[in-house]
Amino acid sequence: MNNQSRGFMIALEGVDGSGKSGLARQLAETLRGDGHSVLATHEPGGTEAGTALRKLVLASNAYDWTPTAELLLMNASRRQHIDKVILPALAAGQIVICDRFVGSTIAYQGAGRGLADRTILDLHRLAIEDFWPDLTLVLDIDPETALNRSKARLESAKIDEGRFEALDLAFHRRVRQSFLDQAATLPAAYRVIDANRPPEIVAREAADHVRRLLVGEGAR
Ligand code: TYD
């Protein structure tokens, strides 16, 4: 499944607490200001069915899913999201900003949980028809700082989605390294942004990357 449409899809990736959600809001606002029609969405979730799956996977008292079962659930949520939300938006010429996508599956279920890249990519080909974002922005930050931020946010907002936050620092270090490895492997489609800086600087750099690609510089 190729993105042959007029739209453009941006995935935001990074460890928990790297600032993706704030960046998604800011980037959407900036691109709307540039005159684009923008749809901001997220995974797991993005549809009613996906939101139900999200609860099943992320609640701190969620079932004890095995890594492969977790991988299948992420893909089920993604397929529903693609069919119901992402492809229609792209077909209508919108810019889609998706907070997490297949890069998270490679990082969390692959590097984190230990499933082989081959398994994840084979399933991605089968279940998602090998659909990839036009651009993936990786917010790179020290996982310890980010994780503390994420736990504090979940706690203060009373959000019960801490299943991954509860995993040890070594898990989150593998996740961070996976995002960097993905970017090194696919430099045309990934950009790494140093997220240890103030949010407005990060947002400006992200918008610059997107604008450059939208005017046709760089590869798709
Ligand atoms: P998210 O809501 O982005 O959490 P945060 O705001 O803390 O970054 O994502 C929820 C969790 O889902 C996150 O810990 C990573 C995990 N996840 C996977 O393990 N695999 C996936 O394919 C996706 C999309 C998310």
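How many salt bridges does the count come to? The count comes to 13 salt bridges. The views below come from a predicted model, and three of these pairs have a legend of their own, alongside helix packing, a buried glutamine and some backbone details.

**Figure 1. D34 and R211 meet in a salt bridge.** Start with this pair, whose closest N and O atoms are 2.8 Å apart. D34 sits in the loop between α1 (20-33) and β2 (38-42), while R211 belongs to helix α8 (residues 199-214), so the bridge ties together parts that lie 177 residues apart in sequence. Is D34 buried, partly exposed or exposed? Its relative accessibility of 36% makes D34 partly exposed. R211 is partly exposed too, with a relative accessible area of 34%.

**Figure 2. R79 and D83 form a salt bridge within helix α3.** Here the closest N and O atoms are 3.0 Å apart. The two residues are four apart in α3 (residues 67-91), which means that about one helical turn separates D83 from R79. D83, at 39% relative accessibility, counts as partly exposed. For R79 the relative accessible area is 25%, and this residue is likewise partly exposed.

**Figure 3. A salt bridge joins the side chains of D140 and R176.** The N to O distance in this view is 2.8 Å. Which elements does the pair tie together? D140 lies in strand β4 (residues 135-140) and R176 in helix α7, so the bridge links parts 36 residues apart in sequence. D140 counts as buried because its relative accessibility is 14%, under the 20% limit. Its partner R176, with a relative accessible area of 24%, is partly exposed. Elsewhere, salt bridges that share partners bring E70, R113 and R163 into one network.

**Figure 4. Helices α4 and α7 cross at roughly 135 degrees.** Two packed helices are described by the angle between their axes and the distance between the axes. For α4 (residues 102-112) and α7 (residues 169-185), the axes come within 8 Å. The crossing angle makes α4 oblique to α7, and the crossing is right-handed. Look along the contact to find G103, S104, I106, A107, Y108, A111 and G112 on the α4 side. Facing them from α7 are F171, R174, V175, S178, F179 and Q182. Sorted by class, the residues of this contact are seven nonpolar, five polar and one charged.

**Figure 5. Helices α3 and α5 pack at an angle of about 30 degrees.** The axes of α3 and α5 (residues 117-128) are 10 Å apart. How does α3 pass α5, in a left-handed or a right-handed crossing? The crossing of α3 with α5 is right-handed. From α3, the residues L71, L72, N75, R78, R79 and I82 take part. They meet T119, I120, L123, H124, A127 and I128 of α5. The contact divides into seven nonpolar, three polar and two charged residues. R79 may look familiar here, as the salt-bridge partner of D83.

**Figure 6. Q109 is a buried residue of helix α4.** The relative accessibility of Q109 is 2%, so this residue counts as buried. Which residues is Q109 in contact with, leaving aside its neighbours within four places in sequence? They are P67, E70, L71, M74, S104, G114, L115, I120 and F164. Two of these names appear in other views: E70 belongs to the salt-bridge network with R113 and R163, and L71 is one of the α3 residues that meet α5.

**Figure 7. A cis peptide bond leads from E43 to P44.** Omega of this bond is near -10 degrees. P44 is found in the loop between β2 and α2 (48-58).

**Figure 8. R100 and K158 have positive phi values.** Phi of R100 is near 80 degrees, a positive value in a residue other than glycine. R100 is placed in the loop between β3 (95-99) and α4, and its relative accessibility of 11% means that R100 counts as buried. K158 is not a glycine either, yet its phi is about 55 degrees. Its place is in the loop between α6 (143-156) and α7. Is K158 buried or exposed? With a relative accessible area of 74%, K158 is exposed.

Conventions: Residues are numbered from 1 along each chain as its sequence is written. This is a predicted model: local features need pLDDT of at least 70, side-chain atom pairs count only at pLDDT 80 or more; totals for chains, interfaces and linings use all residues. Side-chain values use heavy atoms; hydrogens and water are left out. Axes are lines fitted to C-alpha atoms, for helices over the stretch in contact, and angles run from 0 to 180 degrees between N-to-C directions. Angles under 35 degrees count as roughly parallel, over 145 as roughly antiparallel, 65 to 115 as roughly perpendicular and the rest as oblique. A crossing is left-handed if the near helix is turned anticlockwise from the far one by less than a right angle, and right-handed if clockwise. Contact means heavy atoms within 4.5 Å. Ala, Val, Leu, Ile, Met, Phe, Trp, Tyr, Cys and Pro count as nonpolar, Asp, Glu, Lys and Arg as charged, and the others, Gly among them, as polar. A salt bridge is a side-chain nitrogen of Lys or Arg within 4 Å of a carboxyl oxygen of Asp or Glu. Buried means under 20% relative accessible area, exposed over 50%, partly exposed in between (1.4 Å probe, protein chains only).
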